[in-house]
Amino acid sequence: PARPRVWGRPSPGSRAGGGVPAPDPAAEAEAPRRPAALPKALSEAQVVALLDAVDGAARQDGGAVDGSATAHAVVLRDRALLEVLYSTGIRVSEACGLGFGDVDLDAGFLRVFGKRAKERVVPIGRPASRALAEYLDAGRPVLLGSRPVSRDDADAVLLGARGRRLGRQGAWDVIRRWAGEAGLEANISPHVLRHSCATHLLDHGADIRSVQELLGHASISTTQVYTLVSTERVREV
């Protein structure tokens, strides 16, 4: 006699998929979601230690043990970079992309181009403005020197030791160098200063909507990860 057919699985000798398929018990199950990783931010004391380390070196005669003009110019550039990153919260790529037409220290603003070339104007604090002005006056001309450079390098605000526009990797090296000098973790990335700026602004009562505009976030939910702002408060804003 023929074997009774079991619905939900093919009978012996039939093609796979014959009969009525059994319902998948896992069809309605959702994969577990990984919790969103909170951005790493320095404490205010750590930021002060970082900025004090580079500021102390910039105030020394020559800015380095060898006392060379180039070494001092590099320190002035490093201080300007660190102050600007923490003061404005801009991305490191935005800082490296600054041109002379993007800087208005008299008005206290920088023009930056973020993701997808989206333009925004951000305020710059007084300490960062002073550091940037001193670098432009006494540091950048030394780094530029008399060597021929491209039009892009000639317009770049932040330069490397060879007179070319400072890149992301160079900015990363700047952070690591001074983090080590300040006794902080050596693997601190430039993005940590952006996180720290946003976190400290919110800690001191800044409006989350204003911080969103400052950082250039397309969605306020991106800014929300910097703080424990309630959903109700975000909707209200």
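**Entry 1. Order of elements.** I read the elements from the N terminus on and noted α-α-α-β-β-β-α-α-α-α-α-α-α. The model is a predicted one. My tally for the chain is 10 helices and 3 strands.

**Entry 2. The chain as a whole.** I looked up burial and found that 38% of the 237 residues count as buried. For the accessible surface I noted about 14,100 Å², with 52% of that area belonging to carbon and sulfur atoms. I then turned to contacts between residues at least 6 apart in sequence: 53% of these join residues at least 24 apart.

**Entry 3. Helix α4, span and bend.** I selected α4, which covers residues 126-144 and has 19 residues. From the first C-alpha to the last I recorded 25 Å, close to the 27 Å expected at 1.5 Å a residue. I next asked where the kink in α4 is centred. It is centred on L136, and the angle is about 45°. Just after the helix I noted G145, which has a positive phi, near 60°.

**Entry 4. Helix α4, burial.** Which residues of α4 are buried? I listed A128, S129, A131, L132, Y135, G139, R140, L143 and L144. I kept the general rule beside this list: an α-helix has 3.6 residues a turn, so residues three or four places apart point the same way.

**Entry 5. Helix α4, packing partners.** I looked up what the buried residues of α4 pack against. Two helices appear, α2 (69-88) and α5 (151-155). Two strands appear as well, β1 (103-104) and β2 (109-113).

How values were computed. Residues are numbered from 1 along each chain as its sequence is written. This is a predicted model: local features need pLDDT of at least 70, side-chain atom pairs count only at pLDDT 80 or more; totals for chains, interfaces and linings use all residues. Side-chain values use heavy atoms; hydrogens and water are left out. Helices (H or I, at least four residues) and strands (E, at least two) are DSSP runs, numbered from the N terminus. The expected span of a helix is 1.5 Å times one less than its number of residues. The bend at a residue is the angle between axes fitted to the seven residues ending there and the seven starting there. Buried means under 20% relative accessible area, exposed over 50%, partly exposed in between (1.4 Å probe, protein chains only). Contact means heavy atoms within 4.5 Å. Accessible areas come from the Shrake-Rupley method with a 1.4 Å probe; for residues, only the protein chains shown count as cover.
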